[in-house]
Amino acid sequence: CPQVVGLDVSEVVLTRAEWQHGALLLTLDPLRPDPSAWVEFRIVGAEPRLWWLAGIDGATMDVHADYVVVRTPRVAGDLEFTPGSY
């Protein structure tokens with residue numbers, strides 16, 4: 001089962017994490033929003049593939065064989081990871 005790991009819960013609360021129609025939906029709620037600060041976490045256990053990322057402006061991801069590194073501004077919002085094709 002895919003998991004979100006490495007999220008600093010003293011900075012950001014994950015209020016939603018669910019798979020819906022093949023897409024992973026996450027909602028982030030920072031305790032102290034700051035668009036100039038960054039949050040980083042990993043998604044592990046998901047099949048490595050090409051992902052499309054939508055949601056928070058400036059969010060990026062780096063896909064590795066065993067995990068995905070996500071980096072996003074420390075703002076409230078939704079992230080949607082949709083599997084793509086090669």
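## A tour starting at E80

Select E80 first: leaving out residues up to four places away in sequence, E80 touches A23, L24, L25, W52, L53 and A54. Please keep in mind throughout that the model on the screen is a predicted one.

**Stop 1: E80 and its strand**

With E80 still selected, colour the strand that holds this residue, which is β8, covering residues 77–83. E80 is partly exposed, because its relative accessible area of 34% falls between the 20% limit for buried residues and the 50% limit for exposed ones. Now show the side chain of T82 as well, since a polar contact of 3.3 Å joins it to the side chain of E80. If you then draw a distance from the C-alpha atom of E80 to that of L53, you should find 5.7 Å, although these two residues are 27 apart in sequence.

**Stop 2: the sheet around β8**

Widen the selection to the whole sheet, in which four strands, paired antiparallel, follow the order β2-β3-β8-β5 and leave the sheet open. At the edges stand β2 and β5, the latter covering residues 51–55, and each of these two strands pairs on one side only. Passing from one strand to the next in this sheet, the twist averages 20°.

Which strand is joined to β2 by eight bridges? That strand is β3, which runs antiparallel to β2. To look at one bridge in detail, select V12 and then P30, its bridge partner in β3.

**Stop 3: T27 in β3**

Move along β3, which covers residues 23–30, until you reach T27. Is T27 buried or exposed? T27 is buried, because its relative accessible area of 17% lies under the 20% limit. Show the side chains of T27 and D78 together, and you will see a polar contact of 2.5 Å between them. Apart from residues up to four places away in sequence, T27 touches V13, L14, T15, R16, G77 and D78.

**Stop 4: W19 in β2**

Go next to β2, which covers residues 12–20, and pick out W19. At 37% relative accessibility W19 counts as partly exposed. Once its neighbours within four places in sequence are set aside, W19 is in contact with P2, L24 and W51. The C-alpha atoms of W19 and P2 are separated by 9.5 Å, and the two residues lie 17 apart along the chain.

**Stop 5: the cavity**

Keep W19 selected and add L24, I43, A46, W51, V68 and F81, because together these residues line the largest cavity. The structure holds one cavity of 30 Å³ or more, and the volume of the largest is about 30 Å³. Rolling a probe the size of a water molecule over the atoms shows where empty space is left.

**Stop 6: I43, on the cavity lining**

From the lining residues choose I43, which is found in strand β4. I43 counts as buried, since 6% relative accessibility is under the 20% limit. Not counting residues up to four places away in sequence, I43 touches Q3, V4, L24, D66, Y67, V68, V70 and F81, and two of the cavity-lining residues you have already selected, L24 and F81, appear among these contacts. For a longer view, draw the distance from I43 to A76, whose C-alpha atoms are separated by 19 Å and which lie 33 residues apart along the chain.

**Stop 7: the sheet that holds β4**

Now select the other open sheet, whose four strands have the order β1-β4-β7-β6 with antiparallel pairing. Because β1 (3–5) and β6 (60–63) stand at the edges with a single partner strand each, one side of each is left without a neighbour in the sheet. The twist from one strand to the next averages 25° here.

Inside this sheet, eight bridges join β4, residues 34–44, to β7, residues 67–74, and the two strands run antiparallel. One of the places to look is V39, whose bridge partner in β7 is T72.

**Stop 8: R74**

Finish at R74, which also lies in β7. What surrounds R74, beyond residues up to four places away in sequence? R74 touches E11, V12, P30, R32, P33, D34, P35, A37, W38 and V39. R74 counts as buried, at 14% relative accessibility. Among its contacts are V12 and P30, the bridge partners that you selected at the second stop.

Definitions and conventions:
Residues numbered from 1 in each chain as written. Predicted model: local features only at pLDDT ≥ 70, side-chain atom pairs only at ≥ 80, totals over all residues. Heavy atoms only, no water. Buried < 20%, exposed > 50% of the residue type's maximum accessible area, 1.4 Å probe, protein only. Polar contact = N/O pair within 3.5 Å; in protein donor to acceptor, adjacent residues only side chain to side chain. Contact = heavy atoms within 4.5 Å. Pairing = 2+ DSSP bridges. Axes fitted to C-alpha atoms, helices over the stretch in contact; angles between N-to-C directions. 1 Å grid on protein atoms, 1.4 Å probe; cavity = no way out; pocket = protein on both sides within 12 Å on 5 of 7 lines; lining within 4 Å. Points joined across faces, edges and corners; volume = space filled by probe spheres on them.
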